[in-house]
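Please open the model in a viewer and keep a selection panel at hand. The stops below are given in the order in which they may be selected.

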Amino acid sequence: MSISDSSNWQCWVSDVTGETSGQLGEVPIVVVAEPTTVTPTFTATIEVPVYHPPVITSVSFREEWSSSGKLIVLQDIAFYDEDGDAYGIDYEIISDPTNGTVADGVISASSQEQKSGTIVTGSWYCIGGLYDVTMQVTLLDYAGYQSNTVVYTMTCHDYYPIIR
Ligand SMILES: [Ca+2]
């Protein structure tokens, strides 16, 4: 058999069956599409995880009084971490006339809280009298990043009544 004008395109007779004793007048022909070679256009992209340092947005202060009548300056450190992987608070004393010491802190806020922004609170226990303490705070995360460092000064003082 022939296919007219077969010069411009190709086809393949995939399978022809018949019985030798019968007529082969009408033989079903299955035309299959010309095989095409698909050139892959896939480009490999390596996803490198991108981590972000924690960001301290503000430090604000509150005052409390201990049972012994000494001032406690609470430092509300507002921050966020896009990865939610911040874990540590590094406090450093820059100046303190009473030569106090400070312990580093741990961030207990959940990953989700860190992503949306949250607060960690430090406590500074004044020993009485009037003096300034200057500290700095930096946050650490599990990716090894450090936040911006914020320097701040707290004023220790004895109790005084609110001036109205
Ligand atoms: Ca981070």
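Select glycine 128 first: in this predicted model, glycine 128 is partly exposed, with 14 other C-beta atoms within 10 Å. That count lies between the limits of 12 or fewer for exposed and 20 or more for buried, and the residue is therefore assigned to the class in between. Glycine 128 belongs to the loop that links strand S7 (118-125) to S8. Now add histidine 157 to the selection: its C-alpha atom is separated by 6.3 Å from that of glycine 128, although the two residues are 29 apart along the chain. Once residues up to four places away in sequence are set aside, glycine 128 touches Lys70 and Asp158.

**The chain as a whole**

Colour by secondary structure next. The chain has one helix and nine strands, and along the sequence they follow the pattern β-β-β-β-β-β-α-β-β-β. Of the 164 residues in the chain, 13% are buried. Among contacts between residues at least 6 apart in sequence, 62% join residues at least 24 apart.

**The sheet of S3, S4 and S7**

Select S3, S4 and S7. These three strands form an open sheet in the order S3-S4-S7, with antiparallel pairing. Strand S3 (55-65) and S7 are at the edges, each with a single partner strand, so one side of each has no neighbour in the sheet. On average, neighbouring strands of this sheet are turned by 20° against each other, direction ignored.

Examine the two pairings in turn. S3 and S4 run antiparallel and are joined by 10 bridges; within this pairing, tryptophan 65 has leucine 71 in S4 as its bridge partner. The hairpin of S3 and S4 has five residues between the strands, and there glycine 69 takes a positive phi near 85°. On the other side, S4 pairs with S7 in the antiparallel sense over eight bridges, and isoleucine 77 stands opposite valine 120 in S7.

**The sheet of S6, S5, S8 and S9**

Move to the second sheet. Four strands make up this open sheet in the order S6-S5-S8-S9, and the pairing is antiparallel. Strand S6 (105-106) and strand S9 (150-156) are the edge strands, each pairing on one side only.

Within this sheet, select strand S5 (residues 86-95), which pairs with S6 in the antiparallel sense over two bridges. Isoleucine 89 has glycine 105 in S6 as its bridge partner.

Glycine 88 is also in strand S5. Is glycine 88 buried or partly exposed? With 15 other C-beta atoms within 10 Å, glycine 88 is partly exposed. Apart from residues up to four places away in sequence, glycine 88 touches Asp104, Val106, Ile107, Leu139 and Leu140. Measuring from C-alpha to C-alpha in the viewer, one finds serine 108 at 9.0 Å from glycine 88, with their positions 20 residues apart in sequence counted as separation.

From S5, follow the chain into the loop between S5 and S6 and stop at asparagine 99. Asparagine 99 has a positive phi of about 55°, although it is not a glycine. Asparagine 99 is exposed, having 7 other C-beta atoms within 10 Å.

**The nonpolar core**

Show side chains for the next stop. The largest nonpolar core has 15 residues, and Ile89 and Cys156 are those with the most contacts inside it. Strand S4 (71-80), S5, strand S8 (131-141) and S9 each supply at least two residues of this core. In soluble globular proteins, nonpolar side chains tend to be buried together.

Centre the view on cysteine 156. Leaving aside neighbours within four places in sequence, cysteine 156 is in contact with Leu71, Cys126, Gly129, Leu130, Tyr131 and Val133.

**Serine 147**

The last selection is serine 147, in the loop between S8 and S9. How many other C-beta atoms lie within 10 Å of serine 147? There are 22, and serine 147 is therefore buried, the limit for that class being 20 or more. Beyond its neighbours within four places in sequence, serine 147 is in contact with Pro53, Pro54, Val55, Ile56, Phe79, Thr138 and Leu139. Of these, proline 54 merits display together with serine 147: the two are 93 residues apart in sequence and 4.7 Å apart in space, C-alpha to C-alpha.

Note on methods:
Residues numbered from 1 in each chain as written. Predicted model: local features only at pLDDT ≥ 70, side-chain atom pairs only at ≥ 80, totals over all residues. Contact = placed C-beta atoms within 7 Å. Pairing = 2+ DSSP bridges. Core = buried A, V, L, I, M, F, W, Y, C linked by C-beta atoms within 7 Å. Axes fitted to C-alpha atoms, helices over the stretch in contact; angles between N-to-C directions.
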